[in-house]
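Let's walk through this model together, starting with one idea that helps in reading how its parts cover one another.

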Amino acid sequence: MHNFTPQSAFIGGLLIGFSVLLFFYTTGRLAGVSGIFSNAFTSHNKRTSNWLFLIGLVLGPLLFIIFSPNEIQFSVTNSFILITIAGFLVGLGTRMGGGCTSGHGVCGVSRFSIRSIVGTLTFIIAGAITVFVLQIYGIYL
Amino acid sequence: MSEKIFSLLCGLIFGLGLVISGMTNPEKVIGFLSFTHNWDASLIFVMGGAILVFAPTFYFLKEKQKSILGIDVSLPKNTLQIDTRLIFGTSLFGVGWGLAGFCPGPAISSLAFFEPVSIIFLISMLVGIYVNKYFF
């Protein structure tokens, strides 16, 4: 397996789980990022809390960059057309489907919600097919 | 007030988890979706770790009506509902996820790297959100 990092992935996953847990125990809400991002713009309800969560999402990595000696890996396609189409589909799709990797994938699956389990399998399969097709056309290696 | 502080703190811990797990790197997410070539299973450990923490503890608050801050608990009730919006929406999301290697959390967290692609992605994501709101 190429670049497989189970330890750091698992530690990061535990932190995400703890965040979702703390958020639920304190605010009574599930931390679905697509919903929080969407509501921060489209809804007045709990707007400040939503924006603070989003600011925290950026502050976390910022603090990590400042205090960690490790180099941050960041590599993304430089095709701005691909990025634009992708962003549009992620925005439209997560709101139509009612969740993303956090809302369905972490929160929903943790609740054994059949809806979220089906949703999570669907977006993983759709993502895998997309990557497979891009690899056939030589866009991804 | 404390609701706002906890929102900020939870966002911060979540963002820290994303960057430590490597999920803020789109190439790593693409590696997970690339099942047929150089598959990188790390993302399973991220989701697995998060579920391992949240799933068991979730049930302690499940029957309660209020959070420890006294806020009404709000949970989606339609956990058994499988409809075309779910399948079509999560499919579109999956295609977008595969095209860029970005889902909403990592895309927002990647603003910390000051890369223009994050902003382009988030602006078009917002357009998608409004298209869903007004047309679907």
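Two residues are in contact if their C-beta atoms, placed from the backbone, lie within 7 Å. With that in hand, we can look at this predicted model and ask what covers the buried residues of helix 6 of chain B. The cover includes helix 4 (84-100) and helix 5 (104-109) of chain B, together with helix 2 (33-42) and helix 4 (80-97) of chain A. The residues being covered are Val117(B), Ser118(B), Phe121(B), Leu122(B), Ser124(B), Met125(B), Gly128(B), Ile129(B) and Asn132(B), which are buried.

Chain A offers a similar case to look at. The buried residues of its helix 6 include Arg115(A), Phe123(A), Ile124(A) and Val131(A), and their cover includes helix 4 and helix 5 (101-110) of chain A along with helix 2 (26-33) and helix 4 of chain B. Just past the end of helix 6 of chain A, Gly138(A) has a positive phi of about 80 degrees.

Here are the lengths of these two helices, at 1.5 Å a residue:

| Helix | Residues | Expected span | Distance between end C-alpha atoms |
|---|---|---|---|
| Helix 6 of chain A (114-136) | 23 residues | 33 Å | 33 Å |
| Helix 6 of chain B (116-135) | 20 residues | 28 Å | 29 Å |

In helix 6 of chain A the end-to-end distance agrees with the expected span, and in helix 6 of chain B it agrees too.

Now for the chain B fold as a whole. Chain B has six helices and zero strands, and its C-alpha atoms fill a box of roughly 45 × 35 × 30 Å along the principal axes. Of its 136 residues, 54% are buried. Among contacts in chain B between residues at least 6 apart in sequence, 39% join residues at least 24 apart.

How do helix 4 of chain A and helix 4 of chain B pack? Their axes are 7 Å apart, at an angle of about 155 degrees. Angles over 145 degrees count as roughly antiparallel, so that is how these two helices run relative to each other. The crossing is left-handed. Among the residues making the contact are Leu89(A), Val90(A) and Gly93(A) on one side and Leu92(B), Phe93(B) and Gly96(B) on the other. By class, the contact has 16 nonpolar, seven polar and one charged residues.

One last stop is Ile13(B), in helix 1 (residues 2-21) of chain B. Ile13(B) is buried because 22 other C-beta atoms lie within 10 Å. Leaving aside residues up to four places away in sequence, Ile13(B) touches Leu15(A), Phe18(A), Ser19(A) and Gly60(A).

Note on methods:
Residues are numbered from 1 along each chain as its sequence is written. Chains are lettered from A and ligands numbered from 1 in the order in which they are written. This is a predicted model: local features need pLDDT of at least 70, side-chain atom pairs count only at pLDDT 80 or more; totals for chains, interfaces and linings use all residues. Helices (H or I, at least four residues) and strands (E, at least two) are DSSP runs, numbered from the N terminus. The expected span of a helix is 1.5 Å times one less than its number of residues. A residue is buried if 20 or more other C-beta atoms lie within 10 Å of its own, exposed if 12 or fewer, and partly exposed in between; C-beta atoms are placed from the backbone. Axes are lines fitted to C-alpha atoms, for helices over the stretch in contact, and angles run from 0 to 180 degrees between N-to-C directions. Angles under 35 degrees count as roughly parallel, over 145 as roughly antiparallel, 65 to 115 as roughly perpendicular and the rest as oblique. A crossing is left-handed if the near helix is turned anticlockwise from the far one by less than a right angle, and right-handed if clockwise. Ala, Val, Leu, Ile, Met, Phe, Trp, Tyr, Cys and Pro count as nonpolar, Asp, Glu, Lys and Arg as charged, and the others, Gly among them, as polar.
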